[in-house]
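Work through the exercises below with the coordinates open. Each task is followed by a solution in steps.

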Amino acid sequence: MPRTLLDIFGNPFIATGVGIGAVMTVLSINVLFCIWFERKVSAWIQRRLGPMEVGPQGTLQTVADMVKLLGKQLLTPAGIDKPLYHLAPLIIFAPVVASASLLPFSKSVALSDLNIGLILVFMFGGFAVVGIFMAGWGSNNKYALLGAMRSVAQNISYEVPLLLSALSVVLMVGAQGGGQIEIGDEVIQLNGLNLSHITLAQTSGLWFIVFQPIAAVIFFIAILAETNRAPFDLPEAESELIAGFHTEYSGMRFGLFFFGEYSNMFIGAMLATVLFLGGWDGPLLPGPVWFFFKSYLLIFVMMWVRWTFPRLRFDQLMAFCWAVLTPLAIVNILVTAFALKVVNG
Amino acid sequence: MTDYGQLIAYLGIGFALGIAALVVPSLIAPRYKGAETEKTYECGVDTVGSAWIRFGISFYLFALIFVAFEVDILYLFPVALVFNEEMFGWRAFVEVFIFLLILSLAIVYAWRKGVIRWTR
């Protein structure tokens, strides 16, 4: 079992301080890296060079962009709904920090070890929908409102297959090794909603992607839609809606949206790693290396998809969710439940 | 302070950091204000009316199906936790089957009504 920071330091205030420092460092580096990486991947796919000027291979380009954003004037348009407009970037940004602290990246240390970790990650993910709608509605801009409406409809719809595919993993966890696992002299009762228990259930046997390939694919597609990534990026379809819900946000306010978006992508990839790819499990190398390697592999696939597939039309998007993914996920749960009862008697 | 207290602390500090990131530009950024600075951005065309107008009803219908589904899925999570315990046996499967069958009727109903196919 991973020890939490609270166990190691004893003092909750020191533990929280160290935890927040670690989370913010990892998230900031991730955002700086991901934006550079995305530009390089797109350049590579389109046979361009991408950013080359700032730093070796353009690695410091994002840092320069961040400094530029800090020095930009915050334009506030007239006729907005003030509380909603000003609160929206914070509502998107703050939950990301709490959500990232929940994911178990190592066998020995974790920031927190909660028995309902899975539910909490989904809950913090749900905050993003509220923030997006506040931004779109508060801006008093037609493009922003259209983008926000699309985004809310899309996010809440894809939440259903997302939860259903995660549910089939929760079903599996309790059945691994009779619901118990031995580590050293300790016997642990597996809990399907505890993220480190989900990883432990996979370390003793095969990864869940082997038993649940359909759920894994559904989960990945739903993550793409939840993070508003192409081909599901209709909320910000730049050719028709300018920038969607954050049209009226400039400077660092836009920076917060961007930070939240790339962090959500990272959290989605980490969650998929925990649920289907065995989390920190892997030979030779230490656990955190495997964990982050798998997560960034998934992020690379997300970018690959973005620069390969064209954008969907909105009615196709919704039909795909309700007429294909959701029924498939329900059937998958039934088959899983049936198979578990057959195997375990 | 328990683990959950820590989580709330993370959320609070997240808010504080977000506010800090917005305070810095307001100290160092230029403050220009012209006649057009505060206009709503609509590609250079003057804005006509407010954006807070009536909107397509289809979005509302999706919200309704979502509420029906999401609440039911929340009930399924505790069921999935204890699903493999021996005392429940095959009864657990039968109950989950009936539950999901009734839940699927929501999709069938919406499909028949043309919500999913986006007909108006």
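Relative accessible area sorts residues into three classes: buried is under 20%, exposed is over 50%, and partly exposed lies in between. E95(B), with a relative accessible area of 45%, is therefore partly exposed. The model is predicted.

**Exercise 1. Confidence**

Task: State what the confidence scores are for the model and for chains A and B.

Solution.
Step 1. For the model, ipTM is 0.86 and pTM is 0.90.
Step 2. Chain A has a mean pLDDT of 85, with 97% of its residues at 70 or more. For chain B the mean is 81, and 97% of its residues reach 70 or more.
Step 3. Within chain A, the lowest confidence falls in α10(A), with a mean of 70, and the highest in α9(A), at 91. Where pLDDT is low, the predicted coordinates should not be read in detail.

**Exercise 2. The interface**

Task: Describe the interface of chain B and chain A by contacts, buried area and polar pairs.

Solution.
Step 1. Count the contacts: 86 residues of chain A are in contact with 64 residues of chain B.
Step 2. Take the area: about 6,800 Å² is buried between the two chains, and carbon and sulfur atoms give 77% of it. Y10(B), W52(B) and F77(B) supply 12% of the area that chain B buries against chain A, more than any other three residues.
Step 3. Look for polar pairs: two residue pairs are in polar contact across the interface, both at pLDDT 80 or more. The count of salt bridges between chain B and chain A is zero.
Step 4. Assign the side of chain B that touches chain A to helices: α1 (3-28), α2 (57-82) and α3 (90-112) of chain B each supply at least two residues. The largest share, 18 residues, comes from α1(B).
Step 5. Sort that side of chain B by class: 45 residues are nonpolar, 11 polar and eight charged.

**Exercise 3. A salt bridge in chain A**

Task: Find which parts of chain A the salt bridge between E38(A) and R229(A) ties together, and decide whether each partner is buried or exposed.

Solution.
Step 1. Start from the total: the whole structure has five salt bridges over all chains. In one of them, the side chains of E38(A) and R229(A) meet at 3.0 Å, N to O.
Step 2. Place the partners: E38(A) is in helix α2 (residues 12-45) of chain A, whereas R229(A) is in the loop between α9 (213-226) and α10 (238-241), so the pair ties together parts 191 residues apart in sequence.
Step 3. Apply the cut-off of under 20%. E38(A), at 3%, is buried, and R229(A), at 5%, is buried too.

**Exercise 4. Two further salt bridges**

Task: Give the N and O separation and the accessibility classes for the pairs D315(A) with R313(A) and R91(B) with E95(B).

Solution.
Step 1. In the pair of D315(A) and R313(A), the closest N and O atoms are 2.9 Å apart. D315(A) is partly exposed at 22%, while R313(A) is exposed at 51%.
Step 2. In the pair of R91(B) and E95(B), the closest N and O atoms are 3.2 Å apart. Both residues lie in helix α3 of chain B, four residues apart, about one turn of the helix.
Step 3. R91(B) is exposed at 56%, and E95(B) is partly exposed at 45%.
Step 4. Check for shared partners: E38(A), R229(A) and R306(A) are joined into one network by salt bridges.

Methods. Residues are numbered from 1 along each chain as its sequence is written. Chains are lettered from A and ligands numbered from 1 in the order in which they are written. Side-chain values use heavy atoms; hydrogens and water are left out. pLDDT is the predictor's confidence in each residue, from 0 to 100. Contact means heavy atoms within 4.5 Å. Buried area is the accessible area (1.4 Å probe) that two parts lose on being put together, summed over both. A salt bridge is a side-chain nitrogen of Lys or Arg within 4 Å of a carboxyl oxygen of Asp or Glu. A polar contact is a pair of N or O atoms within 3.5 Å; within protein, one must be able to donate a hydrogen and the other to accept it, and residues adjacent in sequence count only if both atoms are side-chain atoms. Ala, Val, Leu, Ile, Met, Phe, Trp, Tyr, Cys and Pro count as nonpolar, Asp, Glu, Lys and Arg as charged, and the others, Gly among them, as polar. Buried means under 20% relative accessible area, exposed over 50%, partly exposed in between (1.4 Å probe, protein chains only).
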